Each structure stands twice: as structure tokens, then as C-alpha cells.
Amino acid sequence: MNTKKILKTIGITLGIIIIFLIPSNFIWLNDKENLLYKIQQYATYKEDDWKNYETNQKILAENPSGTNQTVVVESVPDFHPYNIDLLTGNTKKEELKKIENAHFENLVSAKKSPDDEDAQIALIKLTQRRLTDVIINQKLSIKIGKCYENPNKGENYSCVSCMTLLYNREKNDWQEAPDGENFLDNSYDFYQTSEGGEWEAKELSMYIPYDDALFKKYENKSR
């Protein structure tokens, strides 16, 4: 077969693929996935990606979208920790003052806390499934850092406060926020309503230190 015939064959093959891929972007298999996405899944997913995907599908099945709810948001202090090395001027002074007044030396390390999967499931529920799209489409996972006992547990069995991050499984690196709209915080309270119960997540309710070790653990060493 000469070069012309080879190029012609390649051109025809590519044309057929393109003709197939264009409409596949408009063929929806369900309310979250189209045919093109499914093709990309089978072409790029590794074992860990499939495990993550199956876990999230199970969560979605057990927690279908609810009806619209009205949420009243009260004004609360910003408890979230920040990397002091990235702050400057008055912002840095205010953060240092906040850290001084928080008396982190009095914090108690949690004896029992959620693992990465527990935290991810809890945040999927808290975000009303918005996190699921990020996990599936952007190949991101939730990783959790050091947790501290939170005495403000109310009627819950236990409550801890921890930092979390988004880990990009494709780049082997953490990232600041999901692509597109950022709807996640860098830290949350995680609680159990009963002994051995599932972990749930809610807004952070006390000051905790910035977990530098968490970010170093999951950063790409080629940074």
C-alpha cells in the first residue's frame, strides 16, 4: 500500500471518528452523563477512578436530589484558616491576631475522625451533589487533614473540625478549587449523630490552624 492510500485510509478513519464524536456530545445517557463523556471514561479511567466513580454513583442512588429549600444564612465569624505565608499587609496582621486570640495550644487532637472517603461522602451530601460532578468530570478527590475535637457538638454524639483539600488524581497534585465555580471551603466540621454512625459535614464552627502538612503531603514533587 503506497503513502497516498495510507493517508487516504487515515483521513477516512478520522472523518468517521469525528462524525461519530460530534453527535455523541448531544446524546445524554442520563441527567449527568452524555455519550462522549462515557467514551472518555472508558478511554482514560484507571482502577482508582472507577472505584471513585462507583462509590459516588452509590451515594447518588441513596441520596436523590431533594426539593428546593430556603436556607437562612446568619452572619458568623470567618473561622477558616489561611496560609500566613501568602498574606501581606493588614490582612496578614489581622490573621496573626486571630491566631493569637484562638489559643491553638488548647486544641485537642481528635481521637476518632473521618477518613478521606467519609469526608468525601459527607461533602457530597452537604453540597447537594454538586461535588459529584467535580469528582467525576474533573478527576478530583477529597483528602482530609488533621482533625480537632470540637466541644460545640450540640446533640450530636461527636464533632471534629478539620481542613480538607481537592486532590487531582490525573496530575497527582492538590488544587485550590474546582474548575469553574468554587463552592467549597478549605475546612469543615464533621459530626456523627450516634456512635458508629455515618459522618456528616457542616460549616466550620471554631478556629483551627492551617494544615501545612496536608498540602505538602499531596503536592506534586515537581512543583
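Start at K139, which comes right after helix α6 and has a positive phi, near 55°. You are looking at a predicted model, so read every stop as a prediction.

**Stop 1: helix α6**

Step back from K139 into α6, residues 130–137. Colour L131, T132, V134, I135 and I136. These five residues of α6 are buried. Keep L131 selected for the next stop.

**Stop 2: the largest nonpolar core**

Where do the contacts concentrate in the largest nonpolar core? Select L123, L131, V160 and F190: they have the most contacts inside this core of 21 residues. Now show the elements around them. Helices α5 (116–126) and α6 give at least two residues each, and so do strands β1, β2 and β4. In soluble globular proteins, nonpolar side chains tend to be buried together.

Zoom in on L123. Which residues does L123 touch, leaving out those up to four places away in sequence? The partners are L131, I142, Y188, F190 and A201.

There is also a second, separate core, with 12 residues. Select M206, I208, L214 and F215, which are among its members. Remember F215; you will meet this residue again.

**Stop 3: the cysteines**

Select C147 and C162. Their sulfur atoms are 2.1 Å apart, and the two residues form a disulfide. The count for the model is one disulfide. Follow the chain from one partner to the other. C147 sits in strand β1 (residues 140–149) and C162 in strand β2 (residues 158–168), 15 residues apart, so the pair links distant parts of the chain. Both C147 and C162 are buried. Turn the view to look along the S-S bond. Its torsion is about 110°, so this disulfide is right-handed.

Now add C159. Why does C159 not bond to C162? The sulfur of C162 is the closest cysteine sulfur to that of C159, but the gap is 8.6 Å, too far for a bond. A disulfide needs sulfur atoms within 2.5 Å. C159 is also buried, with a relative accessible area of 1%.

**Stop 4: V108**

Move to the loop between α4 (89–102) and α5, and select V108 there. Is V108 buried, exposed or partly exposed? Its relative accessibility is 47%, so V108 counts as partly exposed. Show its neighbours next. Beyond four places in sequence, V108 is in contact with C147, Y148 and E149. C147 is the disulfide partner from the last stop. Then draw a distance to V160. The C-alpha atoms of V108 and V160 are 9.8 Å apart, although their positions lie 52 residues apart along the chain.

**Stop 5: E195**

Go to the loop between β4 (187–192) and β5 (200–203), where you will find E195. E195 is exposed, with a relative accessible area of 62%. Select Y157 as well. E195 and Y157 are 38 residues apart in sequence, and their C-alpha atoms are 6.2 Å apart in space.

**Stop 6: the second largest pocket**

Finish at the second largest pocket, whose volume is about 530 Å³. Which residues of its lining are closest to the centre? Select W174, E176, N186, Y210 and F215, from a lining of 27 residues. F215 is the residue you met in the second core. Then show β2, β3 (173–175) and α7 (212–217): each gives two or more residues to the lining. Colour the lining by type to end the tour. It divides into 15 nonpolar, six polar and six charged residues.

Methods: Residues are numbered from 1 along each chain as its sequence is written. This is a predicted model: local features need pLDDT of at least 70, side-chain atom pairs count only at pLDDT 80 or more; totals for chains, interfaces and linings use all residues. Side-chain values use heavy atoms; hydrogens and water are left out. Helices (H or I, at least four residues) and strands (E, at least two) are DSSP runs, numbered from the N terminus. Buried means under 20% relative accessible area, exposed over 50%, partly exposed in between (1.4 Å probe, protein chains only). On a 1 Å grid over the protein atoms alone, a cavity is a set of points where a 1.4 Å probe fits but cannot get out, and a pocket is an open set with protein on both sides within 12 Å along at least five of seven lines; lining residues have an atom within 4 Å of a point. Grid points are joined across faces, edges and corners, and a volume is the space filled by probe spheres set on the points. Ala, Val, Leu, Ile, Met, Phe, Trp, Tyr, Cys and Pro count as nonpolar, Asp, Glu, Lys and Arg as charged, and the others, Gly among them, as polar. A nonpolar core is a set of buried Ala, Val, Leu, Ile, Met, Phe, Trp, Tyr and Cys residues joined through side-chain atoms within 4.5 Å. Contact means heavy atoms within 4.5 Å.
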